[in-house]
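Me: I am new to this structure and would like to understand why its parts carry the labels they do. Could you take me through the reasoning with care?

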Amino acid sequence: QKTAYEIVSRDWSSDVCSSDLGFSRQPQRGGDIGAEATLSFRDSIYGTEISVRINGKVVHVRVPAGIKDGNKIKVKGKGHAGPGGAGDLYVTINVVKHPVFSRDELNLKMVLPVTFSEATLGADVKVPTLDGDEVTVRIAPGTANGRVLRVKGRGIETTKGRGDLLI
């Protein structure tokens, strides 16, 4: 005579063992592929589309605005083929340094040389922006060396927000 515990225990273990723990094997995806691309500072800020040659094929990759040096872009299904589908393509982005601007998160930074008289007496100075415009910045009389001036909304714009130009 079997107890209820033995029946339940035996049925459960035989069900699990016969069904390979309840999991079925999926066909394996193809391998991922890595590639690198170099962008100008300006293209990294505003975004662009690049072409990457992989195994004799050209793959078009959209680079989002505000991408940073070293970031990777994943392109689904553009890796090696496999029975379970193709792997992914990972493109590592290298950004060329700009001669005037650098970045700090969403802010653009630049060094503005100012004469002694401009710093002590104050002045209105034209400052270049990345998009080619100029903005006028007022330097207050008695401005100390190393003081950071902020131009609101002239930094990097992404889906996360917009930064400032720090001078």
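Reply: What follows sets values from the model against the definitions behind the labels.

Me: How do you know what may be counted here?

Reply: This is a predicted model, in which local features need pLDDT of at least 70 and side-chain atom pairs count only at pLDDT 80 or more, while totals for chains, interfaces and linings use all residues. Residues are numbered from 1 along each chain as its sequence is written, and side-chain values use heavy atoms, with hydrogens and water left out.

Me: What makes β4 and β5 a pair of strands?

Reply: Strands are DSSP runs of E with at least two residues, numbered from the N terminus, and two of them pair if DSSP finds at least two bridges between them. β4 and strand β5 (residues 89–95) have 4 bridges in the antiparallel sense, so they pair by that rule. One of the residues involved is K72, whose bridge partner in β5 is T92.

Me: Why are β1 and β4 called edge strands?

Reply: The open sheet of 3 strands runs in the order β1-β5-β4, with mixed pairing. β1 (33–39) and β4 (72–75) are its edge strands because each pairs on one side only. From one strand to the next, the twist averages 25°, with axes taken as lines fitted to C-alpha atoms and angles running from 0 to 180 degrees between N-to-C directions.

Me: What makes the contact between D88 and K74 a salt bridge?

Reply: The term requires a side-chain nitrogen of Lys or Arg within 4 Å of a carboxyl oxygen of Asp or Glu. The closest N and O atoms of D88 and K74 are 3.6 Å apart, so the pair meets that definition. Since D88 lies in the loop between β4 and β5 and K74 in strand β4, the pair ties together parts that are 14 residues apart in sequence. Both residues also belong to a network of salt bridges that links R29, D32, K74 and D88, and the structure holds 9 salt bridges.

Me: Why is D88 called buried, and K74 partly exposed?

Reply: Buried means under 20% relative accessible area, exposed means over 50%, and partly exposed lies in between, with a 1.4 Å probe and protein chains only. D88 has 6% relative accessibility and so counts as buried, whereas K74, at 44%, counts as partly exposed.

Me: How do you know that D133 and R154 form a salt bridge?

Reply: Their side chains meet at 3.9 Å, N to O, so the distance satisfies the definition. D133 lies in the loop between β8 (123–128) and β9 (134–139), and R154 in the loop between β10 (150–151) and β11 (157–158), so the pair ties together parts that are 21 residues apart in sequence. D133 is partly exposed at 40% relative accessible area, and R154 is partly exposed at 27%.

Me: What makes E157 and R162 a salt bridge?

Reply: The closest N and O atoms of E157 and R162 are 2.7 Å apart, so this pair too fits the definition. E157 counts as partly exposed at 45% relative accessibility, as does R162 at 43%.
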